[in-house]
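Thanks, everyone. Let me put the model up and walk you through it.

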Amino acid sequence: MLEELFQIQVSLAAHIPKRFKRFLFESVNWNARCLGIVGARGVGKTTLVLQYYLENFSSPEECLYLSADHVLVVGYGLYKVAREFFALGGKVIIFDEIHKYPFWSQELKNIYDSFPDKKIVFTGSSSLHILKEKADLSRRTILYELPGFSFREFIFLVEEKNFGPFSLEEILQKHVRIASEIASQLLVRKLFKEYLKYGYYPFFAEGISDYENKLLNAIEKIFYEDIPAVWKIKPGNIPILKKFLWLIASSSPFEPNIEKLSRELKISKEYIYIYLEALEKSGLIKTVFPLQKGYRLVRKPSKIYLDNPNLYYLLSGHGSAAEIGSIRECFFVSQISPKYYLRAASKADFVVEDYVFEVGGRKKTRKQINQEEKAFLILDDMEVGAGQRIPLYLFGFLY
């Protein structure tokens with residue numbers, strides 16, 4: 001059994017890129033006894049863990065990679081596979097797509113407790129599974145979340161140009177110098193438009209013509225495999241979730257009215273919150289909460305966006321003029337949120353730390369933020385800014 005798993009691993013590893021690694025690779029504590037990499041479908045978790053294997057081990061006999069839903073693994077069991085592998089001197093075992101294995105959390109806990117000198121790495125195709133199960137493993141596991149590609153990573157793969165990453169403070173204080181350097185080497189506005197359409201998920205590298213079909217397939221699996229398994233949503237209610245997602249995609253941006261949604265979707269207000277959580281944890285939407293405090297305000301988001309701009313182009317008419325405002329704001333949110341705490345502002349679009357941001361086209365004025373001290377205009381359709389006018393694309397260099 002192990003021989004066949006070794007053969008599968010060698011075959012997979014032969015096709016893993018070695019030149020480019022996602023930003024998270026250097027941040028992970030690979031020495032931890034048990035660590036998990038979670039995130040939405042298709043963002044590159046399998047590639048990340050196989051790169052770890054290739055960089056640190058000479059053969060599968062030292063570090064075993066396996067997909068938790070492989071027929072051999074399901075038939076034999078996670079614990080039995082681990083026990084046999086460790087008995088032969090193995091050091092690290094990698095469980096990919098672990099959420100697809102029934103009762104995975106209990107078996108993972110048993111492996112952790114039974115083999116104290118061994119290491120476990122696992123991935124989950126959707127963070128919603130891992131986060132729901134994490135309670136049993138919270139004292140044992142270090143958990144990392146992998147978002148989709150940043151604009152910076154997209155440029156590295158497409159143009160082989162390596163810029164940054166830059167901190168938020170560096171972008172705010174040195175944006176003219178940074179943007180000038182980037183714009184002098186790239187057609188950055190052209191690349192930015194391409195990224196918004198097909199740059200967030202790494203399968204663009206396999207061919208742009210198939211990108212939409214692969215993304216649609218990933219979304220269908222989220223609806224019919226991931227979400228029902230965790231929230232116990234019946235298959236007959238999936239069309240309601242899809243309509244909910246479409247409402248978000250077709251708004252500029254979507255500002256939720258819970259009572260109105262309850263009437264339109266014909267479900268209770270309590271289920272509106274459950275469906276919101278399911279869509280967000282599965283990597284389909286991002287919610288932005290208000291700056292104010294209070295139970296009601298904290299529970300109800302001010303704005304809801306699709307998770308990333310690629311989803312807008314796929315689901316809402318390929319980025320029409322009516323939706324470009326949502327796409328711009330969605331890009332800003334998707335690039336900021338992996339690194340910084342973001343809230344909706346009352347007189348502008350967003351607050352990050354103590355900075356205020358208004359996002360728009362290059363003709364946008366400071367009218368809405370004139371009274372704010374640390375306020376910036378984040379503008380599309382420009383290569384280099386000045387003062388407190390900063391190109392939108394630069395926020396794609398945060399990670």
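One cut-off before we start: a residue is called buried when its relative accessible area is under 20%. Keep that in mind for Glu-194. Its relative accessible area is 18%, so Glu-194 counts as buried. This glutamate sits in helix α9, residues 188-198. What does Glu-194 touch, leaving aside its neighbours within four places in sequence? Phe-154 and Gly-199. And please remember throughout that this is a predicted model.

Now the sheet. It is open, with 5 strands. The order is β2-β3-β4-β1-β5, and the pairing is parallel. Which strands stand at the edges? Those are β2, residues 63-67, and β5, residues 142-145. Each has a single partner strand, so one side of each is left without a neighbour in the sheet. From one strand to the next, the twist averages 15 degrees.

Next, β1, residues 34-38. Here 5 of the 5 residues are buried, so the strand is largely enclosed by the rest of the structure. Look at the side chains. Cys-34, Gly-36 and Val-38 point one way from β1. Leu-35 and Ile-37 point the other way. Both sets are buried.

What about the partners of β1? It runs parallel to β4, joined by 5 bridges. In that pairing, Leu-35 stands opposite Val-121 of β4. β1 also runs parallel to β5, and 4 bridges join those two. There, Gly-36 has Leu-143 of β5 as its bridge partner.

Over to β3 and β4. β3 covers residues 92-96 and β4 covers residues 119-124. They pair in the parallel sense over 4 bridges. Val-92 stands opposite Lys-119 in β4.

Last element: helix α4, residues 78-87. This helix lies across β2, β3 and β4. Against β3, α4 runs at about 155 degrees. Which residues of α4 are buried? Leu-78, Val-81, Ala-82, Phe-85 and Phe-86. Seen down the axis of α4, the buried residues fall within an arc of 120 degrees, so they line one face of the helix. What do they pack against? Three strands, for a start: β2, β3 and β4 are among the partners. So are helices α1 (2-13), α3 (71-76) and α5 (104-114). After α4 comes Gly-89, with a positive phi near 100 degrees.

To recap: an open parallel sheet, an enclosed β1, and α4 lying across β2, β3 and β4. Questions, please.

Note on methods. Residues are numbered from 1 along each chain as its sequence is written. This is a predicted model: local features need pLDDT of at least 70, side-chain atom pairs count only at pLDDT 80 or more; totals for chains, interfaces and linings use all residues. Side-chain values use heavy atoms; hydrogens and water are left out. Two strands pair if DSSP finds at least two bridges between them. Axes are lines fitted to C-alpha atoms, for helices over the stretch in contact, and angles run from 0 to 180 degrees between N-to-C directions. Contact means heavy atoms within 4.5 Å. Buried means under 20% relative accessible area, exposed over 50%, partly exposed in between (1.4 Å probe, protein chains only). The arc is that of the directions from the helix axis to the C-beta atoms.
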